[in-house]
Amino acid sequence: MSSNLDLKKMVIMPALITLAITLLRLTGELLNWAPALFNKAAGGGGALVGISWLVPIFGFYFAWQLMKAGEYPASTGRALGFAALALVVFAGLFAVAFQFLKTNAALFYVFGIAAPVAALYIARLAWPSLFNALFAYGLAARIPVILIMFFAIMNNWGTHYDVPPPNYVETTPLMKWFNIGLFPQLTFWMGFTVVIGAIFGGIAVAVMQRRVSVAKAVS
């Protein structure tokens, strides 16, 4: 990371925005606000108020800030190519993991851990500076969710933070938190944040280079 750009300063505002949306979502679910905005179903997918929508925006933003500070990837092709490869590996290994979800818990966890580890390694090759920003942002975004899920599960809040998926075999609250909270937040969602963010960061590089090319052509 260039001395011209402080990682903490670059990540702090996106992290605070993400935390605010997380708390807004929790409030909306607890108060039974509009389901289209605050989906309380297991996984909470599709809710318009959510932090997963922020990943492409901040991936683009981090890349833009890095380039403004003079930090560039080795090439646009490398940034986009390795990011795309990371996505393929991430999706492929998680697809394998889910094949073992109901038949072999050990293999599910092995592939569930291997998926983000491999994808993060490849994403770092795309652009190390962007990887550092996305990884830091991912932790800042997901740790509050992990904590909220702990309290939601322990107290049965009835939100998407504590509702298990269909056919979930009931366990102790602590094990439930590990299964639907801690593990997926630190594996799937961290991988999602870095990989999708890296793809949109690569798009930002392409846009910036296009602008530079147009400016040179006009001048």
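I started with helix 2, residues 54-68 (helices are DSSP runs of H or I, at least four residues, numbered from the N terminus): its 15 residues at 1.5 Å each should span 21 Å, and the end C-alpha atoms sit 21 Å apart, so the two agree. The expected span is 1.5 Å times one less than the number of residues.

Note to self: this is a predicted model, where local features need pLDDT of at least 70, side-chain atom pairs count only at pLDDT 80 or more, and totals for chains, interfaces and linings use all residues. Numbering runs from 1 along each chain as its sequence is written, and side-chain values use heavy atoms, without hydrogens and water.

Which residue follows helix 2 with a positive phi? I found Gly 70, with phi near 90 degrees.

Next I checked which residues of helix 2 are buried (under 20% relative accessible area, 1.4 Å probe, protein chains only). Val 55, Phe 58 and Trp 64 are among them.

Val 55 led me to Thr 193, in helix 6 (residues 173-218). Is Thr 193 buried or exposed (over 50%)? Thr 193 is buried, at 2% relative accessible area. Beyond neighbours within four places in sequence, Thr 193 is in contact (heavy atoms within 4.5 Å) with Val 55, Leu 134, Tyr 137, Gly 138 and Arg 142. I also looked at the Thr 193 side chain: one of its polar atoms lies 2.8 Å from the backbone oxygen of Trp 189.

Methods:
Helices (H or I, at least four residues) and strands (E, at least two) are DSSP runs, numbered from the N terminus. A polar contact is a pair of N or O atoms within 3.5 Å; within protein, one must be able to donate a hydrogen and the other to accept it, and residues adjacent in sequence count only if both atoms are side-chain atoms.
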